[in-house]
Amino acid sequence: MQLVQTPREALLKPLSTVAGIVERRHTLPILANILLRKEAGRVSFIATDLEVQITTHADFGVGQDSESLTVAAKKLVDILRALPDTGDVRLSTASGKLAVQAGKSRFSLQTLAATEFPTMTQPDRWDVSLTLPRKTLKHLFNMAHFAMAQQDIRYYLNGMLMVFEPGMLRAVATDGHRLAHCSTPADGIAARHEVIVPRKTVLEMQRLLDDSEDPVTIDVAPGQIRFSFGHVELVSKLVEGKFPDFNRVIPTNYTRHFDVSREILQGSLQRAAILTTDKFRSVRLQLGQNLLKISSTNAEQEEAQEEIDIDYSHESLDVGFNVSYLLDFLSNVKAETVRWSIMPDANASALITLPDDEAFKYVVMPMRI
């Protein structure tokens, strides 16, 4: 039975969208597959890792029949990418296999039954439902994702807190050493809800979202969140646990501030980072009269020194930071200038913000040098 006939790129686009979450290492063989479901002219592609499920739709089915099967995601995508971009690609089934034909090329892939594919059950009712421009949600994720923990034993830190409150949507991430917070106005939220979105879901959404004004709908239910945009639907389980109170972490009483060019600071830190010790990645920041000195050393007694002119007239301060934490922030921010707020205590955290932007806050704990 013929299922699909369409140009290679038209078929590759939805397949590439869903195949991104397919794990190379999996506990069940069918998790390496994607579910292909055809109902008349409408074709759906579904992939899951049991925690996240992505579905895309396209209208290039052939005939009025219905058919469902699963096939190895990586093999099918690799074949399509390797085919020349000439003529149509045809997918058809026979004897439990999927045939891929394009020009004089023909491939036969093993399939597994669609009934074995573990699709996620979605609730009948969602507690929260709102719509944002795609670029707004992508910006929200971009400004906080880098502070998420990776494989932390405190599993609730391996994700991003999303706070839904009347008139506002917040994204917060922390690994215990730093915290990033970003907010955006949002309509359609009746009551406050807090959910922790898994790290993989956040990174996948950043990959899929574009910088357009086209809408993305966010729906939240107990234990589940759904993002719908264009022909894509991503459903994810939520992380259970109590996220730290971010309001207690973000300082509000700092009186010493200085602004610095993001590009100049980033360049200085990148150069100083070359001579840091791999394990600790520490750089030393020394604040003096209208001057910021950045230095680093390593086990070989090598040293780097940088100086940046700034507008600073408070007492001097000598403090250390993990340079990776600072560079993560600077590489994700698009502003020309960043603002530091500090205390005269080398053990106090630093607050980094953007001038004239109350939506973003980044808190970094210092290191002992």
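Guide: Residues count as buried under 20% relative accessible area, as exposed over 50% and as partly exposed in between, with a 1.4 Å probe and protein chains only. The model shown above is predicted, so local features need pLDDT of at least 70 and side-chain atom pairs count only at pLDDT 80 or more, while totals for chains, interfaces and linings use all residues. Residues are numbered from 1 along each chain as its sequence is written, and side-chain values use heavy atoms, without hydrogens and water.

Visitor: Why is F258 called buried?

Guide: The relative accessible area of F258 is 3%. The cut-off is under 20%, so F258 is buried.

Visitor: How many aromatic pairs does a search of the whole structure find?

Guide: The search gives 9 aromatic pairs. Rings of Phe, Tyr and Trp (its six-membered ring) pair if their centres lie within 6.5 Å; planes under 30 degrees apart count as stacked, over 60 as edge-to-face and the rest as tilted. One of the pairs is F258 with W340.

Visitor: What makes the pair of F258 and W340 stacked?

Guide: The centres of F258 and W340 are 5.9 Å apart and the planes differ by 10 degrees. The limits are 6.5 Å and 30 degrees, so the pair is stacked. F258 lies in strand β17 (residues 256–261) and W340 in strand β22 (residues 337–342), so the pair ties together parts 82 residues apart in sequence. Strands (E, at least two residues) and helices (H or I, at least four) are DSSP runs, numbered from the N terminus.

Visitor: How do you know whether W340 is buried or exposed?

Guide: W340 has a relative accessible area of 3%, so the verdict is buried.

Visitor: What kind of aromatic pair do F329 and Y362 form?

Guide: F329 and Y362 are stacked, at 5.2 Å centre to centre and 25 degrees between the planes. Because F329 is in helix α7 (residues 323–332) and Y362 in strand β24 (residues 357–364), this pair ties together parts 33 residues apart in sequence. F329 is buried at 1% relative accessibility, and Y362 is buried at 0%. Ring pairs also link F329 and Y362 with F146 and F360 into a cluster.

Visitor: What makes F280 partly exposed?

Guide: F280 has a relative accessible area of 46%. That value falls between the limits of 20% and 50%, so F280 is partly exposed. F280 sits in the loop between α6 (262–273) and β18 (282–288). Leaving out residues up to four places away in sequence, F280 touches N322 and M367, where contact means heavy atoms within 4.5 Å.

Visitor: Why is S95 called exposed?

Guide: The relative accessibility of S95 is 77%. The limit is over 50%, so S95 counts as exposed. S95 lies in the loop between β6 (88–94) and β7 (97–102) and has a positive phi of about 55 degrees although it is not a glycine. Most residues other than glycine have a negative phi.

Visitor: In which order do the 4 strands form an open sheet?

Guide: The order is β20-β19-β18-β21, with antiparallel pairing.

Visitor: What makes β20 and β21 edge strands?

Guide: β20 (303–309) and β21 (317–322) each pair on one side only. The twist averages 20 degrees from one strand to the next.

Visitor: How do you know that β18 and β21 are paired?

Guide: Two strands pair if DSSP finds at least two bridges between them. β18 and β21 are joined by 6 bridges, so they are paired. One bridge partner is G320 in β21, opposite R284. Helix α7 lies across β18 and β21, at about 75 degrees to β21.

Visitor: What describes two packed helices?

Guide: They are described by the angle between their axes and the distance between the axes. The axes of α6 and α7 come within 10 Å and cross at roughly 145 degrees. Residues in the contact include L265 and L269 of α6 and L326 and L330 of α7. Axes are lines fitted to C-alpha atoms, for helices over the stretch in contact, and angles run from 0 to 180 degrees between N-to-C directions.

Visitor: What does UniProt place at residues 248–368?

Guide: The unreviewed UniProt entry gives "domain: DNA polymerase III beta sliding clamp C-terminal" there; such annotations may be inferred rather than shown by experiment, positions follow the numbering used here, and feature names are shortened. Over residues 248–368 the chain is 20% helix and 43% strand.
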